[in-house]
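Please open the model in your viewer and keep the sequence panel beside it, so that each stop on this tour can be selected by residue number. Take the stops in order, and pause at each one to look around before moving on.

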Amino acid sequence: SGKGNLYMKSQKTGNRFLALLLSLCMMLSMLPISGITAFAAEEETVISADTTWTAETISGNIRIESGATVTIKGTITVSGAVSITGGGTIARDAGSYFKIGDTASLTVNGITVDGRNESSSSSMFTVNGGTLNLKDSAVQNCVKSTTEGGAINMAGGTLTIENSTIKDCSATYYGGAVYLDSYAKVTIKSGTFSGNRTREESSYG
């Protein structure tokens, strides 16, 4: 009958489609894994217990949980875009500091950075053309034994401070808290500076 012919034709068409779909699946299964691109969320390093960074290079997203302390020893070099969050504490040992070069950026969000009044020849954050963002954080007790910028020294680059506190920091000369050279750019959206000073009477704090 006409209906029977129509049904058989549709069934053949369906069979051809199924065969084509199976062939396509077989072709995809033969592709090398390297030819397939996967998109995944960027991983986060979580620190939930006291730990120490010794002359390390840091990268990516780092979360220091509340109650945990990361003690830094030596130069901590920032590579690429780094974010440190979480509510924990970063504490200085001896002359340690963060080094942020011209291709690097560091965002510190919700962290207490404590210099513990350890004397250092370097500012806690030494920025050489890079970017430093402080948000909802505190930087305190940073002592620079020489020159400028007890907490932050900006040799060029960009500094943004938002709802953060810099307190009880000192340097020998200019900028007990922050020193900016003529090429640096700074934006202060909100925050508190208190108890910062220079140790030479003829200097500016």
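## Stop one: Ser123

Ser123 counts as buried, because its relative accessibility is 1% and the cut-off for buried is under 20%. Keep in mind as you look that this is a predicted model. To place the residue along the chain, colour by secondary structure and find the loop between β8 (119–120) and β9 (125–127), which is where Ser123 sits.

Now show the side chain of Ser123 and ask which backbone oxygens it reaches. One of them belongs to Glu148, at 3.4 Å, and another belongs to Gly149, at 2.4 Å. If you then display the surroundings of Ser123, setting aside residues within four places in sequence, you will find contacts that include Arg92, Tyr97 and Lys144, as well as Gly150, Ala151, Ile152 and Asn153.

## Stop two: the aromatic pair

Next, show the aromatic rings: how many aromatic pairs does the structure hold? There is one, and it is formed by Phe98 and Phe125, whose rings are stacked, with 5.3 Å from centre to centre and 15° between the planes. This pair links distant parts of the chain, since Phe98 belongs to strand β5 (residues 89–100) and Phe125 to strand β9, 27 residues apart. Select each ring in turn and consider whether it is buried or exposed. Phe98 counts as buried because its relative accessibility is 0%, and Phe125 counts as buried because its value is 1%.

## Stop three: Ile100

Stay in strand β5 and select Ile100, which is buried because its relative accessibility is 0%. Measuring between C-alpha atoms in the viewer, you should find Ser79 at 7.8 Å from Ile100, although the two are 21 residues apart in sequence. The contacts of Ile100, again leaving aside neighbours within four places in sequence, include Val78, Ser105 and Leu106, and also Thr126, Val127 and Asn128.

## Stop four: Glu44

Finally, go to strand β1 (residues 44–47) and select Glu44. Is this residue buried, exposed or partly exposed? Glu44 is partly exposed, because its relative accessible area is 41%, a value that falls between the cut-offs of 20% and 50%. With residues up to four places away in sequence not counted, Glu44 touches Asn61, Arg63 and Thr85. To end the tour, draw a line between the C-alpha atoms of Glu44 and Ile84, which are 40 residues apart along the chain and separated by 9.7 Å.

Terms used. Residues are numbered from 1 along each chain as its sequence is written. This is a predicted model: local features need pLDDT of at least 70, side-chain atom pairs count only at pLDDT 80 or more; totals for chains, interfaces and linings use all residues. Side-chain values use heavy atoms; hydrogens and water are left out. Helices (H or I, at least four residues) and strands (E, at least two) are DSSP runs, numbered from the N terminus. Buried means under 20% relative accessible area, exposed over 50%, partly exposed in between (1.4 Å probe, protein chains only). A polar contact is a pair of N or O atoms within 3.5 Å; within protein, one must be able to donate a hydrogen and the other to accept it, and residues adjacent in sequence count only if both atoms are side-chain atoms. Contact means heavy atoms within 4.5 Å. Rings of Phe, Tyr and Trp (its six-membered ring) pair if their centres lie within 6.5 Å; planes under 30 degrees apart count as stacked, over 60 as edge-to-face and the rest as tilted.
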